[in-house]
Amino acid sequence: MKIRVVDSHTGGEPTRIIIDGGPDLGSGDLAAQRECFRTRFDRIRSAVVNEPRGSDAMVGALLCPPHDPASSAGVIFFNNVGYLNMCGHGSIGLIATLAYLGRIEPGTHRIDTPVGAISAEMHPNGTVTIGNVASYRLAKNVAVTVEGYGRVHGDVAWGGNWFFLSEGAPVPLTLDHLEQLTEYTSRIREAIVREGVTGAGGEEIDHIEVFGPPQQAGANSRNFVLCPGKAYDRSPCGTGTSAKLACLFADGKLKEGEVWRQESIVGSVFEGTVKVSNGEVRPFITGSAYVNAVADLILNEADPFCWGIGH
Ligand code: PYC
């Protein structure tokens, strides 16, 4: 079995997109197709992103036919431990990939995801702006008791995934503190689970985002984002930046159309802004992605690690 993929990175965060040889998930909407992927083809997810072919940091994506005839494509994102609702850096990577393959022209495209349609505009200079799903803050200044760190406060917000967003960290947000930042944010996630803090409808908060001062002139903030499988986001996290923008807007700290520059732990930057319509806050996130490989993954049943280590 061969699966053709295109690899890219967006601000340092990798995306591996299946463009051929992926599973047939039927003709339901993207949420139904994701469920089919999860229940019937999960070993393909693992084979594509996990070692020995991938790594914990790899985000995978399955390019699907559009469900809505007005859309250009559909996409399902996944990672080392499961499935994402939406992915901002991955959507930017998807557009760069489709452009590399000559499948889209500069302009605005509609993409179906399991949590609704997004827009993606490819600019003549190669940057991409994602018009994300409506984002909002569910709860402000929630306190949890974090083992080894005491009371930690943060906001719970939706940006296409669920986030707990907290200002400050016990160590500076720099690459030489990755271990401590991973430990700290993992403990926050444990506390959230222990104390029953959830997103809307009891949904799991699987991303933790902490903030500190930026290091670059012109940036507003720097972040560290812990992803569900314990990898950290090398990019500023498109859905995480969306959640941040929703919180800033709710606090009156960001006006419609004003630009927020979110720096990541590796120094890459997304520009974000919000538009408000019918009472909904829609974030727009701009970044760049670079295609860095086109490959055929070979899945040989005789290989003991064919489906990924641990699967
Ligand atoms: O950019 O939204 C994002 C994202 C989610 C997980 C990793 N990146």
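A polar contact, as the term is used on this tour, is a pair of N or O atoms within 3.5 Å. With that in mind, open the structure, remembering that this is a predicted model.

Begin with the ligand and Gly238: an oxygen atom of the ligand is 2.7 Å from a polar backbone atom of Gly238, and because this distance falls within 3.5 Å, the pair can be read as a polar contact. Move next to Thr239, where the atom to pick belongs to the side chain, a polar one that lies 2.7 Å from an oxygen atom of the ligand. Then select Asp233, whose side chain places a polar atom 2.8 Å from a nitrogen atom of the ligand. If you now display the surface, bear in mind that the ligand taken alone exposes 240 Å², of which the protein buries 99%.

Widen the selection to the whole shell, which consists of Glu13, Cys87, Gly88, His89, His207, Cys227, Asp233, Cys237, Gly238 and Thr239. Coloured by class, these residues divide into 3 nonpolar, 5 polar and 2 charged. Two helices deserve to be shown as ribbons here, since α3 (88-100) and α5 (238-250) each supply at least two residues of this shell.

Now hide the ligand and look at the space that holds it: the ligand sits in the largest cavity, and the count of cavities of 30 Å³ or more comes to 1. The volume of the largest cavity is about 160 Å³, and of the 24 residues that line it, Glu13, Val59, Leu84, His207 and Cys227 are the closest to its centre. The lining is made up of 11 nonpolar, 9 polar and 4 charged residues, and α3 and α5 each supply at least two residues to this lining as well.

The remaining stops concern the backbone. Select Glu51 and Pro52, which are joined by a cis peptide bond with omega near 10°; Pro52 belongs to the loop between α2 (42-49) and β3 (59-64). Continue to Asn141, which is not a glycine and yet has a positive phi of about 55°, and which you will find in strand β8, residues 136-146. Finish at Asn278, another residue other than glycine with a positive phi, in this case near 50°, located in the loop between β14 (269-277) and β15 (280-287).

Note on methods
Residues numbered from 1 in each chain as written. Predicted model: local features only at pLDDT ≥ 70, side-chain atom pairs only at ≥ 80, totals over all residues. Heavy atoms only, no water. Near = heavy atom within 4 Å. Polar contact = N/O pair within 3.5 Å; in protein donor to acceptor, adjacent residues only side chain to side chain. Areas by Shrake-Rupley, 256 points an atom, 1.4 Å probe, with all protein chains shown as cover. 1 Å grid on protein atoms, 1.4 Å probe; cavity = no way out; pocket = protein on both sides within 12 Å on 5 of 7 lines; lining within 4 Å. Sits in = over half its atoms within 2 Å of the grid points. Helix = DSSP H or I, 4+ residues; strand = E, 2+ residues; numbered from the N terminus. Nonpolar A, V, L, I, M, F, W, Y, C, P; charged D, E, K, R; others polar. Points joined across faces, edges and corners; volume = space filled by probe spheres on them.
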